[in-house]
Each structure stands twice: as C-alpha cells, then as structure tokens.
Amino acid sequence: LIEIAFDDGTIEAGEKTLQVSEVELELKEGEAAALYDLGLAMLDVAPLQLATQSKSARGYGLAFARLPQAVKARPVEIGAQDNADAAIAAILANTYRQLLGNLAAVATRSGPEGVHQMRVSLRRLRSALSVLKREVASPAFEPVGREAKRLGHVLGPARNWDVFITQTVPDIETDGLDDAGLSALRKAAEPFQTKSYADIAKRLENPQTSRFLLSFGALIERRGWRSGLPSEAMAVLAEPADDFAARVLARTHRQALKRGRGFGSLRPEGRHELRLALKKLRYTAEFFLPLHDGPAARRYLARLSRLQEALGLANDAATTQHLLAELRDGKAPGPELHFAAGAAHGWQSRQAVEAGRQLKKRWRRFEAASPFWA
C-alpha cells in the first residue's frame, strides 16, 4: 500500500521562493521494493528526476540559507552472526545510502565536498561489485556497475577543477609562491569548473540517472543477485560472513601485492595500476572492518593509507598537468598564465620527488603488514 501525494506550489521564506512540483511516494504497508517498482514505472510515463530532500528541509534551507550537507561513508552494519548474503546486502546498502545522501548536495551545488563524497560512494560501489562478483558472479551486478561508472565519469572533471581551485593553487601560494601570479590560473579555471557542474546537472536531470538509482535500490531490497545463480554460488551466500570476508580480503590483498611486485622498477603506468589495486583493497578492508575491528586492523589500514597518500601525489601531479594543458589551450592564454602554469608545474614536480623518497619505505612496511583477517 503506497500513498501518493501530488504537490504543486511554492515554498516561501520572506522574499525568497522555491517552486515545488513533485509526486511524493510513501510506503504504508508491504515491501519497500514496491516503491522502487512504482518509481521505475513512472519513469516510463514522464522524464522525472529523483529527489531526496523533504519539503520542510528545503523550507528551512531557504529561510536560513542552509545548503544540503555532504554525507561521508558510515561503517557497514555487519556482524559475525550474518551470512555472506546478508553481508553483500549490508555493503551495497551502505554505498547506496552514501550515494543518495549526497544527491541534494550535488544538485544544489552546495560545495566541493558533495561532488567528492558522491564520487567516493560510486568508487566504493564499483570496488564492492568488483570483489563480490568474483565470489557471486551475478549478472545483476553488471548494469549497476556500468551506470556507476558513467555517473562517476561525469563527476570526475568537476572534482578535478574543485581540487585545483580550492586546494592545489592555495597550497602553492601558501608554500611561498604567492608572487607567481597564480590568480591567473584560478580565474582561467573557473569557466571550466562552471561547465563541469553544468554537465553534472544535465546528467542528474537525465531520467537514466533516476532509473539507475531506483534500479539499484530495487536490487538491494529484493537481493536481486540471487536470481539465476547456480547451486554452488547459492552455497557461498549461505556461508558465515567471517569466512566469506577472509577469503575476499585475502584475494584482494594478494592482487595488490602482485601489482607491486618489483616495486622499485615499476613504470608510472604500473604504479597507477598499483594505486587502483590499493584503493580497492582499502575499501574492501573498510567494508569488513566491523568483523575484525581492533589494533591489528587499524595498523594495517594506517600503513595502507600512508602508501596510498604517497602514490596519490604522483597521480595528483599528472592530473594537474592535464588541467594546465587545458588552460594553456584555452582562449588566448597570456604570458601571465604561462608563467603561473610553469610555477605550478615546478612546485608539483618537487612535491612528487619528495613523496618518491618515502615510497619504498612505505611499500616495504605495507608488504610486511600482517593480514588482520587471518
């Protein structure tokens, strides 16, 4: 039983107004999956866009100039009493809550953190699907992963320009290069940032995005990964979450060590692949952390985090070089812009060299880390 309210009107707060035109669905009785099914059926009728903010939240936001806040990932609600099927449901539901939780912040462009956290949620989701499908090769995972990749691809440029404008340029200025005319970089980057946010808005307005979000919710509610699985895969779903987690973590850990083999002689492409493998490993470890939380797990994650940070500096430098190239290729770049771009390039090259001095040590420490799930 679902209550449907057709709301059409205006939220008013003094001189400020906000138009409302929506169909609100509320489950009164039965399974929540029916909500998602109805939402998907409505998308076949009209190009609707999913929204998560209540009218009261929008009203208070309008009255007190409060923008929606970004939402960080919370610990996965998983326990030793759960089986693998329940663990999969908990992990996917956790990524889904973070994804939906940042929808309003991104839609209203409340700040860089909303885009960042939505992007994190999509990376966590894709990492989860990647490691889970090795154990449960469900065809239901494929369309979710494909749409998550598409949405993440649209968010990427906005995140890169946000970091460049709000972090990279200020860090260079703080480091004593405030006389390098870096304001020219910031000014030149702003139109690119604006366009990237316009691309996000267009993507969120596309019914395909709402269809992805509703389909993902329906998958979790119905545990759709069970459909069409052979008997051996169903047996995996029934095993204890502890055993399932240990096997998944061990395999993901081995893959990261394999990517880092011969670390000292790895080419930039190899280090990039290693960085991605470590990112997947970290997300996987965090998914199952409630099963093994303790000093050993915290030490492991700390070593992994420090290694990721050092490898990330090289990736940040490569991203910045790409952005600087876009700025140089922009509309009539003057000598001031070229000078500032050169200063930024030199600063990040120095940062990458300094990080490189720590890399081997951090890799050896991670390589020697004891698996906390053993």
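1. Two strands are said to pair if DSSP finds at least two bridges between them. With that in mind, and remembering that this is a predicted model, a good place to begin is the N-terminal pair of strands, where twelve bridges join strand E1 (residues 2-13) to strand E2 (residues 16-27) and the two run antiparallel. Individual partners can be picked out along this ladder: Ala 5 stands opposite Glu 24 in E2, while Glu 3 has Glu 26 in E2 as its bridge partner.

2. The connection between these strands also deserves a look, since E1 and E2 form a hairpin with two residues between them. Within that turn lies Gly 14, whose phi is positive, at about 65 degrees.

3. Asp 7 is a useful residue to follow by eye, and its place is in strand E1. Once its neighbours within four places in sequence are left aside, Asp 7 is in contact with Val 20, Ser 21, Glu 22, Glu 24 and Lys 55. With one of these, Lys 55, there is a polar contact from side chain to side chain, at 2.9 Å. As a guide to the span of the model, Asp 7 and Arg 362 are separated by 355 residues in sequence and by 56 Å in space, taken from C-alpha to C-alpha.

4. Turning to the helices, the axes of helix H10 (residues 241-259) and helix H11 (residues 268-292) come within 9 Å and cross at roughly 160 degrees. Because angles over 145 degrees count as roughly antiparallel, H10 is described as roughly antiparallel to H11. The crossing of this pair is left-handed. Many residues meet here, among them Phe 244, Val 248 and Leu 249 in H10 and Leu 274, Leu 278 and Phe 288 in H11. Divided by character, the residues of the contact between H10 and H11 are 13 nonpolar, four polar and four charged.

5. A second pair of helices is H12 (residues 295-328) and H13 (residues 335-367), whose axes come within 9 Å and cross at roughly 160 degrees. That angle makes H12 roughly antiparallel to H13, and H12 passes H13 in a left-handed crossing. The residues of the contact of H12 with H13 comprise 16 nonpolar, seven polar and seven charged.

6. How do H7 and H13 lie relative to each other, roughly parallel or roughly perpendicular? The axes of helix H7 (residues 183-205) and H13 come within 8 Å and cross at roughly 105 degrees, and the two helices are therefore roughly perpendicular to each other. On the H7 side the meeting residues are Ala 184, Leu 185 and Ala 188, and on the H13 side they are Glu 336, Leu 337, Ala 340, Ala 341 and Ala 344. Sorted by character, the residues of this contact between H7 and H13 are seven nonpolar, no polar and one charged.

Conventions. Residues numbered from 1 in each chain as written. Predicted model: local features only at pLDDT ≥ 70, side-chain atom pairs only at ≥ 80, totals over all residues. Heavy atoms only, no water. Helix = DSSP H or I, 4+ residues; strand = E, 2+ residues; numbered from the N terminus. Contact = heavy atoms within 4.5 Å. Polar contact = N/O pair within 3.5 Å; in protein donor to acceptor, adjacent residues only side chain to side chain. Axes fitted to C-alpha atoms, helices over the stretch in contact; angles between N-to-C directions. Parallel < 35°, antiparallel > 145°, perpendicular 65-115°, else oblique. Left-handed = near helix turned anticlockwise from the far one by under 90°. Nonpolar A, V, L, I, M, F, W, Y, C, P; charged D, E, K, R; others polar.
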